[in-house]
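User: I am new to this structure and would like a close look at a single part of it. Please take one helix and explain, in a connected way, how it sits among its surroundings.

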Amino acid sequence: TVHTSLDVVDEKISAMGKALVDQRELYLGLLYPTEDYKVYGYVTNSKVKFVMVVDSSNTALRDNEIRSMFRKLHNSYTDIMCNPFYNPGDRIHSRAFDNMVNSMMMQVC
Amino acid sequence: QGREGGRLSSSGELFVLTYGALVAQLCKDYEKDEDVNTCLDRMGYGIGVRLIDDFLARSAVKKCRSYSETADMIAQVAFKMYLGVTPTVSCSSAAGNEFSLILDKNPLVDFVEELPAERASLCYCNLLCGVIRGALEMVHLPAEVTFLQDRLKGDAVTEIGITFLRKAEDRNGLVTTT
């Protein structure tokens, strides 16, 4: 599912063309729904892609909440990038990042 | 966007990131933590012997009359001027020549959560020790400066220890500074 959705992300990015990218356009919205999952996408202006897979049974999740979750992810990600011992492309092993993700998950579940 | 107040300015962040890049590069160049620590201390020393003149010119302080005044000066004026933080000072010896500076906030480690597992003995901020040592030496106050505790290593606080070495002339125990 995630691999297919990455293709959709690439499609959407190329469709955006050379438009000025601002916060609202970073958020790609619902990529495509399947039976079990909904997949949301977000791409940074450095072309880093965030993909969120949400269980379809979770209908309470609003667009705003998804946007703010992506924003928090983006901010935490930039903090990790500033860690001199982190090499871009490595798996992320940060406790602060995990804590942020866990607390986000608990808020929506 | 999204950052709390109290964060460094852009130039402050650049400084912190540069310091991080320096440490990361030294870690690539040297296998042993002790070698990286020594290198950081040496670099800091080179900075300290030059920085002292800048400090004295900008702060226009009067001569310190005791080790205790000197330690206060380092914590309350120098640290504030260059790093924007004020460590707390306490004297840790009856002889009056050992002091400890406890850093509540340390901007240099803002983005470093913890040391990598293979670098457990790294004194990430050892440059600071060299700076203090070099600066003190230029005002004829030789001292030993090391990290006694380090939050990055799991200690409760970050603590720098300054031990003023008695000059050979002080045989009668009087503290003199020039």
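Analyst: What follows is an account of helix H4 of chain B, then of the chain around it and of its contact with chain A. This is a predicted model, in which local features need pLDDT of at least 70 and side-chain atom pairs count only at pLDDT 80 or more, while totals for chains, interfaces and linings use all residues. Residues are numbered from 1 along each chain as its sequence is written, chains are lettered from A and ligands numbered from 1 in the order in which they are written, and side-chain values use heavy atoms, with hydrogens and water left out.

Chain B has four helices and four strands, where helices (H or I, at least four residues) and strands (E, at least two) are DSSP runs numbered from the N terminus. Along the sequence these elements follow the pattern α-α-α-β-β-α-β-β. Helix H4 of chain B covers residues 126-138, which makes 13 residues, and its first and last C-alpha atoms are 19 Å apart, close to the 18 Å expected at 1.5 Å a residue; the expected span is 1.5 Å times one less than the number of residues. After H4(B) comes B:His140, which has a positive phi, near 60 degrees.

The helix is mostly covered, since 10 of its 13 residues are buried, where buried means under 20% relative accessible area, exposed over 50% and partly exposed in between (1.4 Å probe, protein chains only). Among the buried residues of H4(B) are B:Leu127, B:Leu128, B:Val131, B:Ile132 and B:Leu136, along with B:Gly130 and B:Gly134. Their cover includes helices H1 (10-29), H2 (33-59) and H3 (67-83) and strands E3 (143-149) and E4 (158-164) of chain B.

One link from the helix is a salt bridge (a side-chain nitrogen of Lys or Arg within 4 Å of a carboxyl oxygen of Asp or Glu). Side chains of opposite charge can pair when their charged atoms come close. Here B:Asp41 pairs with B:Arg133, with the closest N and O atoms 2.6 Å apart. Because B:Asp41 lies in helix H2 and B:Arg133 in helix H4 of chain B, the pair ties together parts that are 92 residues apart in sequence. B:Asp41 counts as buried at 16% relative accessibility, whereas B:Arg133 counts as partly exposed at 21%.

Another salt bridge joins the side chains of B:Arg151 and B:Asp104 (3.7 Å, N to O). This pair also links distant parts of the chain, with B:Arg151 in the loop between E3 and E4 and B:Asp104 in the loop between strand E2 (98-103) and H4, 47 residues apart. B:Arg151 is partly exposed, with a relative accessible area of 42%, while B:Asp104 counts as exposed at 59%.

For chain B as a whole, 43% of its 178 residues count as buried. With contact meaning heavy atoms within 4.5 Å, 57% of the contacts in chain B between residues at least 6 apart in sequence join residues at least 24 apart.

Finally, chain B meets chain A in a contact that takes 12 residues from chain A and 17 residues from chain B. The area buried between the two chains is about 1,200 Å², of which carbon and sulfur atoms give 52%; buried area is the accessible area (1.4 Å probe) that two parts lose on being put together, summed over both. Across this interface the rule finds one salt bridge, and the side chains of A:Arg95 and B:Glu114 meet in a salt bridge (2.2 Å, N to O).
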